[in-house]
Amino acid sequence: MAVKPIITLPDKRLRQRAAPVARVDDEVRALMDDLLETMYAAPGIGLAATQVAVPKRVMVLDIAKREDEAASPDPMAFANPEIVWASQETSIRQEGCLSIPEFFEDVVRPARVRVSYLDRDGKRQELEADGILARCLQHEIDHLDGVLFIDHISRLKRDRIVKKFGKAAKRDIEERKPPRRTAEAESA
Ligand code: NI
């Protein structure tokens, strides 16, 4: 397993639509393991392959500690996840993203979703989720479609944050600094 660098705004690769995997083989399982290790190291509660510049429909989550600090890790890995149903009912919750460090904003999304996906063994599974799990699933599946949580907030706020990260990236290049990283536990 290996910790991979997480790409951040304004990296254009975050806007790529990821391709489905043909099957869950050892290579995909190795990617799942790398994503989990990278997510735990960040630390974060979710990570999509898009965020480590691998344009494949693979993502991981672990919300156990978010719900109970004393909980043991509960890694979840998904290949080719798809939202097959979303509730009319919505919920509002603050989101963050490892690719947009230190920025948090309220986002409205369907409160419950049902997701179809392939598990680590390549078996088709369906999962119905609410609360933070529903939230994270939608956030990560968005990443696989090149969508960021800032696309769900007001244009005014989005333009402001895009501009800020554009300027910071330019400054980092000029000063030859590594990209900014976050230590926020709730980012995905
Ligand atoms: Ni994210």
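# Exercises on a predicted fold

Over seven bridges, S4 and strand S5 (residues 100-110) pair in the antiparallel sense. The model is a predicted one.

**Exercise 1.** Find what joins S4 to S5, and which residue in S5 stands opposite Glu95.

Solution.
- Step 1. Locate the two strands: S4 covers 90-97, and S5 covers residues 100-110.
- Step 2. Follow the chain from S4 to S5: a hairpin makes the connection, through two residues.
- Step 3. Look across from Glu95: the residue opposite is Glu105 in S5.
- Step 4. Recall a general point: strands of a sheet pair through backbone hydrogen bonds, and this can be parallel or antiparallel. For S4 and S5 the sense is antiparallel.

**Exercise 2.** List the elements of the protein in order from the N terminus, and say how many helices and strands there are.

Solution.
- Step 1. Read along the chain from the N terminus: the order is α-β-β-α-β-β-β-β-β-α-α.
- Step 2. Count each kind: the protein has four helices and seven strands.

**Exercise 3.** Work out the strand order of the five-stranded open sheet and name its edge strands.

Solution.
- Step 1. Go from neighbour to neighbour: the five strands lie in the order S1-S2-S3-S6-S7, with antiparallel pairing.
- Step 2. Look for strands that pair on one side only: these are the edge strands, S1 (46-48) and S7 (124-129).
- Step 3. Consider the turn between neighbours in this sheet: the average is 40°, direction ignored.
- Step 4. Examine one pair: S1 and S2 (residues 58-61) are antiparallel over three bridges. In this pair, Ala48 is opposite Met59 in S2.

**Exercise 4.** Which strands does helix H1 lie across, and which strands does helix H3 touch?

Solution.
- Step 1. Take H1, residues 26-41: this helix lies across S1, S2 and S3 (76-86), and runs at about 40° to S2.
- Step 2. Take H3, residues 131-144: this helix packs on the sheet and touches S1, S2, S3, S6 (113-118) and S7.
- Step 3. Add the direction of H3: it makes about 155° with that of S2.

**Exercise 5.** Describe the largest cavity by its volume, its lining and the classes of its lining residues.

Solution.
- Step 1. Recall how empty space is found: a probe the size of a water molecule is rolled over the atoms.
- Step 2. Count the cavities of 30 Å³ or more: there is one. The volume of the largest cavity is about 90 Å³.
- Step 3. Name some residues of the lining, among them Ile45, Arg93, Glu95, His139 and Glu186.
- Step 4. Sort the lining by class: four residues are nonpolar, three are polar and four are charged.
- Step 5. Ask where they come from: S4 and H3 each supply at least two of the lining residues.

**Exercise 6.** Find where the cis peptide bonds before Pro10 and Pro43 are placed, and what sign phi has at Asn80.

Solution.
- Step 1. Recall the background: most peptide bonds are trans, and most residues other than glycine have a negative phi.
- Step 2. Leu9 and Pro10 are joined by a cis bond, with omega about 5°. Pro10 is in the segment before H1.
- Step 3. From Ala42 to Pro43 the bond is also cis, with omega near -10°. Pro43 sits in the loop between H1 and S1.
- Step 4. Asn80, not a glycine, has a positive phi of about 50°. Asn80 lies in S3.

**Exercise 7.** Why does the radius of gyration agree with that of a compact globule?

Solution.
- Step 1. Start from the chain: with 188 residues, a compact globule would have a radius of gyration near 16 Å.
- Step 2. Compare: the protein has 16 Å, so the two agree.
- Step 3. Add the box filled by the C-alpha atoms along the principal axes: roughly 45 × 40 × 35 Å.

Technical notes
Residues are numbered from 1 along each chain as its sequence is written. This is a predicted model: local features need pLDDT of at least 70, side-chain atom pairs count only at pLDDT 80 or more; totals for chains, interfaces and linings use all residues. Side-chain values use heavy atoms; hydrogens and water are left out. Two strands pair if DSSP finds at least two bridges between them. Axes are lines fitted to C-alpha atoms, for helices over the stretch in contact, and angles run from 0 to 180 degrees between N-to-C directions. Contact means heavy atoms within 4.5 Å. On a 1 Å grid over the protein atoms alone, a cavity is a set of points where a 1.4 Å probe fits but cannot get out, and a pocket is an open set with protein on both sides within 12 Å along at least five of seven lines; lining residues have an atom within 4 Å of a point. Grid points are joined across faces, edges and corners, and a volume is the space filled by probe spheres set on the points. Ala, Val, Leu, Ile, Met, Phe, Trp, Tyr, Cys and Pro count as nonpolar, Asp, Glu, Lys and Arg as charged, and the others, Gly among them, as polar. The radius of gyration is taken over C-alpha atoms; the globule rule is 2.2 Å times the number of residues to the power 0.38.
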